[in-house]
Amino acid sequence: PAPHRRDPAAAPRARSSLALRGSRGTRSRGHCSMTTVVDTGAPEAAKRSADAKPKPREFDEGELAVSTMLGGFFTALAVADLSMDLYAGADEDMLAVRAGFLGWKAAAPIISQAMLVLVLPLPFVFYMIIRKEVMPLVGYTDDGRPLGAAMQYLRALGTLTLAMILGVVTTVITTVLPLEQQCAAGGDCADLWFWHLVVVLVNLALLVLPFLRYSAARAAEAPAKHS
């Protein structure tokens, strides 16, 4: 038989096939490496996305609505007290009318329950205002950075709100209620109108302060949006 001869064209074809398989293997390995890099970067992208979430708004529309409704309620009650003082005046014939009004006010079947519901959460409200408004104003901020001028004004309004609420509650408990009890029992009512007027003025201020706080909060957010 004739000796086996190698085809000269077979060697280049074999080398070309090996090179092609090697190239495909390289691309396959490159694809795997690229997939690994993408998977490794996913947590970092998620972290950046979490850091980019907007912070809760300062004194938004809901807080404005609640503050306005509560302020209107307490202002109406204070105006009713002052109105009775002006109606009765110093006329001794009106003492029985004033005493009857004060007796109704002490009982007030519906209003007294509403007052109880509104007064019970006051300690929690005071704590939240102190933590959110007073502490940042004196330097205890969450991120350790000093407050800007707009945020200082906003925190000052919140602190003023807390001071006025504490002041009016203390005045009612220590001065107004004892005078009303004295007047209802037939005692001197001469100074009662003055303290009722003080309570009306403080409640009117507390009715205006939420609108100032809302405006200050929007002004404080404006530089952050542009930065």
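**Exercise 1. The disulfide**

Find the handedness of the link between C183 and C189 in this predicted model.

*Solution.*
Step 1. Take the angle about the S-S bond: it is 100° for C183 and C189. The link is right-handed.
Step 2. Check the bond itself. The sulfur atoms of C183 and C189 lie 1.8 Å apart, and a disulfide joins the two residues.
Step 3. Count such links. The structure has one disulfide.
Step 4. Classify both ends. C183 has a relative accessible area of 3%, so C183 is buried. C189 has 11%, so C189 is buried too.

**Exercise 2. The fold in outline**

State how many helices and strands the protein chain has, and give their order.

*Solution.*
Step 1. Count the elements: seven helices and zero strands.
Step 2. Read along the sequence. The pattern is α-α-α-α-α-α-α.
Step 3. Look at burial. The protein chain has 227 residues, and 23% of them count as buried.
Step 4. Look at contact range. Take contacts between residues at least 6 apart in sequence; 72% of these join residues at least 24 apart.
Step 5. Turn to the surface. About 15,600 Å² is exposed by the protein chain, with 68% of it supplied by carbon and sulfur atoms.

**Exercise 3. A salt-bridge network**

Trace the network that contains E58, E63, K132, E133, R155 and R213.

*Solution.*
Step 1. Recall the principle. Side chains of opposite charge can pair when their charged atoms come close.
Step 2. Get the total: the structure holds nine salt bridges.
Step 3. Start with E58 and R155. Their side chains form a salt bridge, N to O 2.8 Å. E58 sits in the loop between α1 (10–51) and α2 (61–88), while R155 sits in helix α6. The two are 97 residues apart, and the pair links distant parts of the chain. Both E58 and R155 are buried.
Step 4. Go on to K132 and E63. The closest N and O atoms of this salt bridge are 3.9 Å apart. The cut-off is 4 Å, so the pair counts. K132 lies in helix α5 and E63 in helix α2, 69 residues apart. K132 is partly exposed because its relative accessibility is 31%. E63 is partly exposed as well, at 31%.
Step 5. Add E133 and R213. They form a salt bridge whose closest N and O atoms are 3.1 Å apart. E133 is in helix α5, R213 is in helix α7, and 80 residues separate them. E133 has 3% relative accessibility, so E133 counts as buried. R213 has 10%, so R213 is buried.
Step 6. Assemble the set. Salt bridges that share partners join E58, E63, K132, E133, R155 and R213 into one network.

**Exercise 4. The setting of E221**

Decide whether E221 is buried or exposed, and list its partners.

*Solution.*
Step 1. Place the residue. Helix α7 spans residues 192–226 and includes E221.
Step 2. Apply the cut-off. Buried means under 20% relative accessible area. E221 has 15% relative accessibility, so E221 is buried.
Step 3. Find the polar partner. The side chains of E221 and R218 share a polar contact of 3.0 Å.
Step 4. Set aside residues up to four places away in sequence. E221 then touches R57 and E58.
Step 5. Link back to Exercise 3. E58 is a member of the salt-bridge network.

**Exercise 5. F211 across the sequence**

Find which residues F211 contacts beyond its neighbours within four places in sequence.

*Solution.*
Step 1. Locate F211: it is in helix α7.
Step 2. Classify it. F211 has a relative accessible area of 44%, so it is partly exposed.
Step 3. List the contacts: L64 and T68.
Step 4. Compare sequence and space for F211 and E61. They are 150 residues apart in sequence, yet their C-alpha atoms are 10.0 Å apart.

**Exercise 6. A nonpolar surface patch**

Identify the nonpolar surface patch that includes Y140, and classify that residue.

*Solution.*
Step 1. Name the members: I130, M135, L137, V138 and Y140.
Step 2. Give the area. Together they have about 470 Å² of accessible area.
Step 3. Place Y140. It lies in the loop between α5 (122–137) and α6 (149–184).
Step 4. Classify Y140. Its relative accessible area is 57%, over the 50% cut-off, so Y140 is exposed.

Key
Residues numbered from 1 in each chain as written. Predicted model: local features only at pLDDT ≥ 70, side-chain atom pairs only at ≥ 80, totals over all residues. Heavy atoms only, no water. Helix = DSSP H or I, 4+ residues; strand = E, 2+ residues; numbered from the N terminus. Buried < 20%, exposed > 50% of the residue type's maximum accessible area, 1.4 Å probe, protein only. Polar contact = N/O pair within 3.5 Å; in protein donor to acceptor, adjacent residues only side chain to side chain. Contact = heavy atoms within 4.5 Å. Patch = residues over 30% accessible without salt bridge, like charges linked within 9 Å, V, L, I, M, F, W, Y side chains within 5 Å. Areas by Shrake-Rupley, 256 points an atom, 1.4 Å probe, with all protein chains shown as cover. Disulfide = S-S within 2.5 Å.
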